[in-house]
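Please look through the model below slowly, one chain at a time, before asking how its parts fit together. The paragraphs that follow it begin inside one chain, pass to the other, and end where the two meet.

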Amino acid sequence: MSELILEDVDRDEALTEAIDGLCGSTRASFLRGAALGGAAMLTALSTPSEATAAITDVDILNFGLRFERLQATFYTQAHETGTIAKMAAAKKDWAETLGAHERAHVRIIKSVLGSKANARPFFNFGDATETDAAFTKTAVAMEDLTVALLTGVTPRVKNRKLTAALFGLLTVEARHAAWARHIIGSTPAPTAFDRSRTLDSVQGTIARTRFIVTKPRTSGTTAPGFTG
Amino acid sequence: MRRLARRRPRASGTLVMLVAGLVVVASAVSGRSPSSETTAATGRRLREPLTPAFTVGRPARLSGTRFTAKWAPVRRPAAARAAPSSGARVVATLATRTPEDTRNVVAVIGHRQDGSGAAWVEVRLAALPNGSTGWVRRTALGGYGTVDTRLVVDLERLRATLYRDGRPLMTVAVGAGAPGWPTPRGEFYIRDKLTRYRSATYGPIAFGTSARSTRATDWPAGGYVGIHGTDRPDLLPGRVSHGCLRIRNSDIVAMAPHLSVGTPITIR
């Protein structure tokens, strides 16, 4: 079994760029090769850096929105391609529940940000939403990734009421991650402290998958050559 | 009774020490002095938890009646096959660019895995005969886009109705193919959107579709049917074109923000 690293799922480095904005380029470069949800990533994300001085709560919320959108779109596409519908009842319930939660998270964060919400990225999950096996592996990795990132950014929020709200999201994401591990037959809580958590139980990787990509250019200024 | 009476002072003393310990621990954690805290033991209440800045609304599962359609860009030239198998007959070749030099996109209508577990996607083809579909490997396509719009064109009434989420948004008069130049009927989709070109004939905005004229096959750009404005609004509604769907300029400008690439088109 191999560990899933950020570089595997972030082929266009969109996620690394987001971390760069919050934690500084040196740390982002370091994280590129760190195991998702692993000790190195958690420690690096949790330790304040000079680059965080200028980070605002809006930046952090937009950071959270980006990841919630990533997850929400992932589950929605798996639903629309029929992948979830083919699952056994318990697994289907898991996937549909997590999808509903992530979409609710997107709605509330977007609502809180209002006009300050960043534009929705364009996603390409490749095969990951097309087959049960690829979907499951990716879901486990993404839930662990989200827990790691929220663990890192939540203590940096200046507004205490916002911190309280983000803890509400963090604990739910941790439940998702535990549920995902249960679904794949792994221990939901493998350690007593998350710093030493690893993704040993995650089978395979999502190598070569591009998650956040440039939106294709489908408009132009060429004079039409249609039949008229 | 005597034993209990003797034990009571000790038990209450233990309780007092326990509460005092908790207060010390709580104050250490919060960084405040014990006197600033409140406890049940002293008759005062513990501080209320912080009210979160937001709470999350009720999560909703996706229903089976969503009016969404999917499309995807073509990432690399690929063979579209008659079945989801690399051994199946090739029915068309997908290019990455359209004749208008925009990214070529396909409407996604099905998903399947082959015997080896590879993912295949069934797509509508912008090819003759109209209505053709084919299977391509998932890896040949980019990320999915979704739309909740649909355009229905009635060639008898010469009207086009744009629906959003299953509800009619607007209905406009159209000019369709003249006798001898029929507008093809069937299921198609919007391929691209063109603006800021210089051609009064096509009005201010033109949309490329996957429909192709069965007569204008030697047309320089391939004989694709467009949906566009016009410099002859006086002819609408009418059967006046070489197969394209003409719409008054004011109508196409009003419709354009809602007519996204990937929108399914039914021409009947």
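**Two domains, two chains**

In this predicted model, the centres of domain 1 of chain B and domain 2 of chain B, taken over C-alpha atoms, are separated by 24 Å. The contact between them takes 14 residues from domain 1 of chain B and 18 residues from domain 2 of chain B. On the side of domain 1 of chain B that touches domain 2 of chain B, the elements that give two or more residues are strand 1 and strand 4 of chain B, and the residues of that side divide into 7 nonpolar, 5 polar and 2 charged. The domain assignment places domain 1 at residues 69-146 of chain B and domain 2 at residues 149-267.

The secondary structure of chain B comes to 2 helices and 16 strands, and buried residues make up 36% of its 268 residues. Of the contacts in chain B with a separation of 6 or more, 58% are accounted for by residues 24 or more positions apart.

Where does the largest nonpolar core lie? This core has 50 residues, and those with the most contacts inside it are B:Trp71, B:Val106, B:Val108, B:Val123, B:Val136 and B:Leu245. Because domain 1 and domain 2 of chain B both give residues to this core, it lies between them. To follow one of these residues, take B:Val136, which, leaving aside its neighbours within four places in sequence, is in contact with B:Ala78, B:Ala80, B:Leu94, B:Trp120, B:Val121, B:Val123 and B:Leu141. Apart from this core lies another, of 39 residues, among them A:Leu65, A:Phe74, A:Val140 and A:Ala180. As a general background, nonpolar side chains tend to be buried together in soluble globular proteins.

Turning to chain A, there are 8 helices and 3 strands, which run from the N terminus on as α-α-α-α-α-α-β-α-α-β-β. Buried residues make up 47% of the 228 residues in chain A, and among its contacts between residues at least 6 apart in sequence, 78% join residues at least 24 apart. Helix 7 of chain A, residues 132-153, can be checked against a simple expectation: at 1.5 Å a residue, its 22 residues should span 32 Å, and its end C-alpha atoms are 31 Å apart, which agrees. Helix 7 of chain A is also mostly covered, since 20 of its 22 residues are buried.

We can now bring the chains together, with 56 residues of chain B in contact with 45 residues of chain A. On the side of chain B that touches chain A, the elements that give two or more residues are strand 1 (69-73), strand 4 (105-113), strand 11 (186-195), strand 12 (205-212) and strand 13 (224-228) of chain B. The residues of that side divide into 25 nonpolar, 21 polar and 10 charged. Strand 3 of chain A (residues 219-220) is joined by 2 bridges to strand 11 of chain B, and the two run parallel; in strand 11 of chain B, the bridge partner of A:Ser219 is B:Lys193.

Is B:Gly226, whose place is in strand 13 of chain B, buried or exposed? B:Gly226 is buried, because 25 other C-beta atoms lie within 10 Å, and the cut-off for a buried residue is 20 or more. Leaving aside its neighbours within four places in sequence, B:Gly226 is in contact with A:Pro224 and A:Phe226, and also with B:Ala206, B:Phe207, B:Gly208, B:Thr209 and B:Cys244.

Technical notes:
Residues are numbered from 1 along each chain as its sequence is written. Chains are lettered from A and ligands numbered from 1 in the order in which they are written. This is a predicted model: local features need pLDDT of at least 70, side-chain atom pairs count only at pLDDT 80 or more; totals for chains, interfaces and linings use all residues. Two residues are in contact if their C-beta atoms, placed from the backbone, lie within 7 Å. Helices (H or I, at least four residues) and strands (E, at least two) are DSSP runs, numbered from the N terminus. Ala, Val, Leu, Ile, Met, Phe, Trp, Tyr, Cys and Pro count as nonpolar, Asp, Glu, Lys and Arg as charged, and the others, Gly among them, as polar. Two strands pair if DSSP finds at least two bridges between them. A nonpolar core is a set of buried Ala, Val, Leu, Ile, Met, Phe, Trp, Tyr and Cys residues joined through C-beta atoms within 7 Å. A residue is buried if 20 or more other C-beta atoms lie within 10 Å of its own, exposed if 12 or fewer, and partly exposed in between; C-beta atoms are placed from the backbone. Domain bounds come from an automatic or database domain assignment. The expected span of a helix is 1.5 Å times one less than its number of residues.
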